[in-house]
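Me: I'd like to learn how to read a two-chain model by going feature by feature. Can you walk me through this one?

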Amino acid sequence: MELKYVIPNMEKTFGNLEYAGEGKVEQRRINGRMTTLSRSYNLYSDIQRADDIEVILSQEAGEKFFEHEEKVKLVNARITAEGYKIGERGFTKYILHADDMVKA
Amino acid sequence: MRLAQGIVIDKEKTFGLLKFSALRREVFLQNEDGTVSNEVKERTYDLKSREQGRMIQVSIPASVPLKEFDYNAEVELINPVADTVANATFRGADVDWYIKADDLVLRGKTGTTGSNTSKTTSTKDK
């Protein structure tokens, strides 16, 4: 079944989030000018310890500057899923979107 | 990212108002020789979700008796867990969400007051 997104209970799913650093910036050329579509940031979670958490903020949120390991929280977070395959096996990649990221 | 500890979902924000639609299927246990037995393992119901804007399917274990609510009766999920399965296709992989819950009750009538500390199991990728 398809779902548009799921909204996580942030406290139970991620616990405390710390800023780790900036990730990729997605840009596209629109009318000959490079326009930012979204920015991603890496976070550390004390519950999801396996990978770091990658959050994608839309361009409207602007650029974010935090100290390394500074505590942050996300505004209106939602999770979508995408698939990828290795050999003949499929795996799920979760993608976390948020409207904004602020100091906790 | 993998979210190995699972996702604890906010059911109100994710599904919004849920309305009962129908029993979709009964999943039967398999005998040792691989044939299908008469014992029901779980039942899947179709529910109308306002936030998702579509029908969602939710599986309830067979230890809970069959639910026969009226069409459009407002219902509530008890401890829902959402997870995904990924299937490799010829060019990538498709992801399907599935939802399991401990119980399905009429809204405002919390039958089983299970603890609200539902946790998803680790990702069971196929």
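Reply: Sure, and let's begin with burial: a residue counts as buried when its relative accessible area is under 20%. Keep in mind that this is a predicted model. On that cut-off, buried residues make up 41% of the 126 residues in chain B. For chain A, 38% of its 104 residues count as buried.

Me: What order do the secondary structure elements of chain A run in from the N terminus?

Reply: Reading a chain this way just means listing helices and strands as you meet them. Chain A has one helix and seven strands, and the order is α-β-β-β-β-β-β-β. In chain B you also find one helix and seven strands, running α-β-β-β-β-β-β-β from the N terminus. As for dimensions, the C-alpha atoms of chain A fill a box of roughly 40 × 40 × 25 Å along the principal axes.

Me: How do I read sequence separation in the contacts, and what share in chain B joins residues 24 or more positions apart?

Reply: You take the contacts with a separation of 6 or more and ask which of them span 24 or more positions. In chain B that share is 58%. For chain A, 52% of the contacts between residues at least 6 apart join residues at least 24 apart.

Me: Now the interface. How many residues does each chain put into the contact?

Reply: With an interface, start with who takes part, then look at the area. Chain A contributes 35 residues and chain B 40 residues. Between them the chains bury about 3200 Å², with 58% of it on carbon and sulfur atoms. On the chain A side, Met1(A), Leu3(A) and Tyr94(A) lose the most area to chain B, together 26% of what that side buries.

Me: And which polar features cross the interface of chain A and chain B?

Reply: Look for charged pairs, then for the wider set of polar contacts. The rule finds one salt bridge across this interface. In a salt bridge, the side chains of Arg2(B) and Asp51(A) meet at 3.5 Å, N to O. There are also 20 residue pairs in polar contact across the interface, both residues at pLDDT 80 or more. Elements giving two or more residues to the chain A side are α1 (10-14), β3 (53-58), β5 (78-86) and β6 (89-98) of chain A. Of these, β6(A) gives the most, with eight residues. By class, that side has 17 nonpolar, seven polar and eleven charged residues.

Me: Is Gln48(A) buried or exposed?

Reply: Here you check the accessibility against the cut-off. Gln48(A) counts as buried because its relative accessibility is 3%, where buried means under 20%. Gln48(A) sits in the loop between β2 (33-45) and β3 of chain A.

Me: What does the side chain of Gln48(A) reach in chain B?

Reply: For a polar side chain, follow its atoms to their partners. The Gln48(A) side chain reaches the backbone nitrogen of Ala4(B) at 3.2 Å and the backbone oxygen of Gly6(B) at 2.8 Å. Beyond its sequence neighbours within four places, Gln48(A) is in contact with residues including Thr13(A), Phe14(A), Leu3(B) and Gln5(B).

Me: Last one: which residues touch the most other members of the largest nonpolar core?

Reply: The general idea is that nonpolar side chains tend to be buried together in soluble globular proteins. In this model the largest nonpolar core has 42 residues, and Met101(A) and Leu47(B) touch the most other members. Setting aside neighbours within four places in sequence, the contacts of Leu47(B) include Leu18(B), Phe20(B), Ile56(B), Val75(B) and Leu104(B).

Conventions
Residues numbered from 1 in each chain as written. Chains lettered and ligands numbered in written order. Predicted model: local features only at pLDDT ≥ 70, side-chain atom pairs only at ≥ 80, totals over all residues. Heavy atoms only, no water. Contact = heavy atoms within 4.5 Å. Buried area = accessible area lost by both parts, 1.4 Å probe. Salt bridge = Lys/Arg side-chain N within 4 Å of Asp/Glu carboxyl O. Polar contact = N/O pair within 3.5 Å; in protein donor to acceptor, adjacent residues only side chain to side chain. Helix = DSSP H or I, 4+ residues; strand = E, 2+ residues; numbered from the N terminus. Nonpolar A, V, L, I, M, F, W, Y, C, P; charged D, E, K, R; others polar. Core = buried A, V, L, I, M, F, W, Y, C linked by side-chain atoms within 4.5 Å. Buried < 20%, exposed > 50% of the residue type's maximum accessible area, 1.4 Å probe, protein only.
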